[in-house]
Amino acid sequence: MSMDYIRRTYGVPVKRGMQVRVKAFDGWTDGRITSASHYVVVAPDKWPNARIRCHPTDESVIQYPEISPTTGGDDHE
């Protein structure tokens with residue numbers, strides 16, 4: 001599965017290097033999309049050597065344009 005496949009199939013505008021917020025081990029964390037296989041792979045800023053795999057339609061991945069500056073994305077929980 002490639003980024004193009006994910007964009008066409010799921011309608012999710014993912015791009016390599018895109019800044020996102022993901023639900024991780026201890027709550028929400030910021031990171032960047034590094035790749036896609038069957039999942040979108042995110043490298044969290046807090047843990048540079050870790051990778052978090054999320055399904056393309058999983059609500060635990062939030063792209064920055066959708067995050068409200070007042071709530072920081074907490075309204076998506």
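How many residues does the hairpin use to join β1 to β2? The answer is two residues, and I would like to start from that turn and work outwards through the rest of the chain. What we are looking at is a predicted model, in which local features need pLDDT of at least 70 and side-chain atom pairs count only at pLDDT 80 or more, while totals for chains, interfaces and linings use all residues. Residues are numbered from 1 along each chain as its sequence is written, and side-chain values use heavy atoms, with hydrogens and water left out.

Let me begin with the overall layout. The secondary structure of the protein chain consists of one helix and five strands, and along the sequence these follow the pattern α-β-β-β-β-β. Helices here are DSSP runs of H or I with at least four residues, strands are DSSP runs of E with at least two, and both are numbered from the N terminus.

Since this is a prediction, a word about confidence. The pLDDT is the predictor's confidence in each residue, from 0 to 100; its mean over the protein chain is 78, and 79% of the residues reach 70 or more. Confidence is highest in β3, at a mean of 91, and lowest in strand β5, residues 61-63, at 71. Over residues 67-77 the pLDDT stays under 50, and for that stretch the model has 14 contacts beyond four places in sequence, where contact means heavy atoms within 4.5 Å.

Now to the strands and how they pair, which requires that DSSP finds at least two bridges between them. Strand β1, residues 19-24, pairs with strand β2, residues 27-36, in the antiparallel sense over six bridges, and within this pair K23 stands opposite W28. On its other pairing, β2 runs antiparallel to strand β3, residues 40-44, and five bridges join them; here R32 stands opposite A43, and S35 has V41 as its bridge partner. These two strands also form a hairpin, with three residues between them. Going one step further, β3 pairs with β4 in the antiparallel sense over three bridges, and V40 has C54 in β4 as its bridge partner.

How much of β3 is buried? Five of its five residues are, where buried means under 20% relative accessible area, exposed means over 50%, and partly exposed lies in between, using a 1.4 Å probe and protein chains only. V40, V42 and P44 point one way from β3, while V41 and A43 point the other way. In a regular strand the side chains alternate between the two faces of the sheet.

That brings us to the largest nonpolar core, a core being a set of buried Ala, Val, Leu, Ile, Met, Phe, Trp, Tyr and Cys residues joined through side-chain atoms within 4.5 Å. It has 13 residues, of which I6, V14, V22, I33, V40 and V42 touch the most other members. The elements that give two or more residues to this core are α1, β1, β2, β3 and β4, the last being residues 52-54, and β1 gives the most, with three residues. Leaving aside neighbours within four places in sequence, V42 is in contact with a list of residues including V20, V22, I33 and I52.

A second position worth pausing on is T29, which is in strand β2. T29 counts as buried because its relative accessibility is 5%, and, not counting residues up to four places away in sequence, it touches V20, R21, V22, A24, P44, K46, W47 and I52.

Finally, the salt bridges, each being a side-chain nitrogen of Lys or Arg within 4 Å of a carboxyl oxygen of Asp or Glu. A search of the whole structure finds two. In one of them, the side chains of R8 and D4 meet with N to O at 3.0 Å, and both residues lie in helix α1, residues 3-10, four residues apart, or about one turn of the helix. R8 counts as exposed, because its relative accessibility is 59%, whereas D4, at 38%, counts as partly exposed. The other salt bridge is between R21 and D30, whose closest N and O atoms are 2.9 Å apart. R21 counts as buried, because its relative accessibility is 15%, and D30, at 24%, counts as partly exposed.
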